[in-house]
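Dear colleague,

I am handing over the structure below, together with notes on what turned up in it. Please read the notes alongside the coordinates.

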Amino acid sequence: MGITSRITVSAVAAAVGTAVLAACGTPGGGADAKTVTLVSHDSFNVSKSVLAAFEKESGYKVKILKGGDAGKAVNQAILSKGNPQGDVFFGIDNTLLSRGLNEGVFSPYEAKGLADVPAGLQLDKDEHRVTPLDYGDICVNYDRGYFARHKTAPPKTFDDLIEPRYKGLLVTENSATSSPGLAFQLGTIAKYGQDGWQDYWKKLKANGVEVVDGWEQAYYERFSGSAAGKGKGDKPLVVSYASSPPVEVLGKKPAPEEAPTGVATGTCFRQIEFGGLLKGAKNEKGGKALLDFLVSKEFQEDMPLKMFVNPARKDAKVPELFTKYGATIDKPATLPPETITKNREQWIKQWSSLVLK
């Protein structure tokens, strides 16, 4: 995802209510054997009824500690390894996965229900230090109204984004601080190769791309197509998710024929999001039960309209709103995890030097 990195809908998030205790930076959250603590990025969300059912069945009270964007949350988990803030971490994705694994943040655990998760999503299937929980595609989104008013076709591909007619229209996130920003960079590397991506970014910079710290700032403050941002931004192109358009339709009556935002399907990079039992967890037993819950069909089917991601389970049903208005990406850009592991830090430094200076 992370994702966060994840789509956050304030009105929906409020529905979690008092059943979830959200806080930041409180160490030892799982010390009470009746409490299990989930550490996550800011966009974690779950229906109150679904969470309450787990709490009733398991006997655990769930406490949620949110730690900012996915990149920031992962960094905090690394800094606190061995003495974690909680018991389970949710929200590390394939762009950052090796960082967490190499730092020894997670303890192995094979969650119940993993057999219903496709093998292609199980990037740590030999050791089970992390469990795949969802996936999505990071893509450029566009404001349909802007392009209709200007009688201009929206972009479809990476190549389109450097054309003069899109000059100054795109906002993206910082690769060093945001998982969507990093995923977008990785998409350009997958497209243009290790020898060509920097030249592409030089052209993108010359074409007026704007860079902000994180997804929420990009989507809610700078993007002109965000209903939550009331369309106050002046950028009709934003790096977001293929599943972002349903957010703009949620709750609208009558339902429109199409979402007010669209997806440039030739700009997408596949993001897989994981959860894991934190090494040194105070409540390891509760943490394992919580991971089982996160893989359960109940949570997985709740996920699409709460975090606007695809469930990892192949037998989880996805609501019609999600499938009707979201974009299906048949051939997203990808990179082998080992390639990301080997080059990620260098690529981020090169990107920062090239784009931010």
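In the central strands, V171 stands opposite V238 in β9. Strand β7 (residues 170-173) and strand β9 (residues 237-241) pair in the parallel sense over 2 bridges, where two strands count as paired if DSSP finds at least two bridges between them; helices (H or I, at least four residues) and strands (E, at least two) are DSSP runs, numbered from the N terminus.

Before going further, please note that this is a predicted model, in which local features need pLDDT of at least 70 and side-chain atom pairs count only at pLDDT 80 or more, while totals for chains, interfaces and linings use all residues. Residues are numbered from 1 along each chain as its sequence is written, and side-chain values use heavy atoms, with hydrogens and water left out.

β7 also pairs with strand β8 (residues 210-212), again in the parallel sense, over 3 bridges, and there E173 stands opposite V212. In a regular strand the side chains alternate between the two faces of the sheet. Both faces of β7 are covered, with L170 and T172 buried on one side and V171 and E173 buried on the other; buried means under 20% relative accessible area, exposed over 50%, and partly exposed in between (1.4 Å probe, protein chains only). In β9, 5 of its 5 residues are buried, and this strand pairs in the antiparallel sense with strand β6 (residues 131-143) over 5 bridges, with C139 opposite S240.

The structure holds 19 aromatic pairs, taken as rings of Phe, Tyr and Trp (its six-membered ring) whose centres lie within 6.5 Å, with planes under 30 degrees apart counted as stacked, over 60 as edge-to-face and the rest as tilted. The ring centres of F44 and F299 are 6.1 Å apart and their planes are at 10°, so this pair is stacked. Because F44 lies in the loop between β2 (35-40) and α2 (48-58) and F299 in helix α12 (residues 297-302), the pair ties together parts that are 255 residues apart in sequence. F44 is buried, with a relative accessible area of 4%, and F299 is buried at 0%. F54 and F293 are likewise stacked, since their ring centres lie 4.6 Å apart with the planes at 20°. With F54 in helix α2 and F293 in helix α11 (residues 284-295), this pair ties together parts that are 239 residues apart in sequence, and F54 and F293 are buried. Elsewhere, ring pairs link F158, F184, Y192, Y200, W201 and W351 into a cluster.

Two backbone features may deserve a look. The peptide bond from K253 to P254 is cis, with omega near -5°, and P254 is found in the loop between α10 (245-249) and β10 (261-278). Positive phi values occur at K151, about 50°, and at F308, about 55°, although K151 is not a glycine and neither is F308. K151, in the loop between α5 (144-149) and α6 (158-161), is exposed, with a relative accessible area of 77%, whereas F308, in the loop between α13 (304-307) and β11 (310-311), is buried at 0%.

With kind regards
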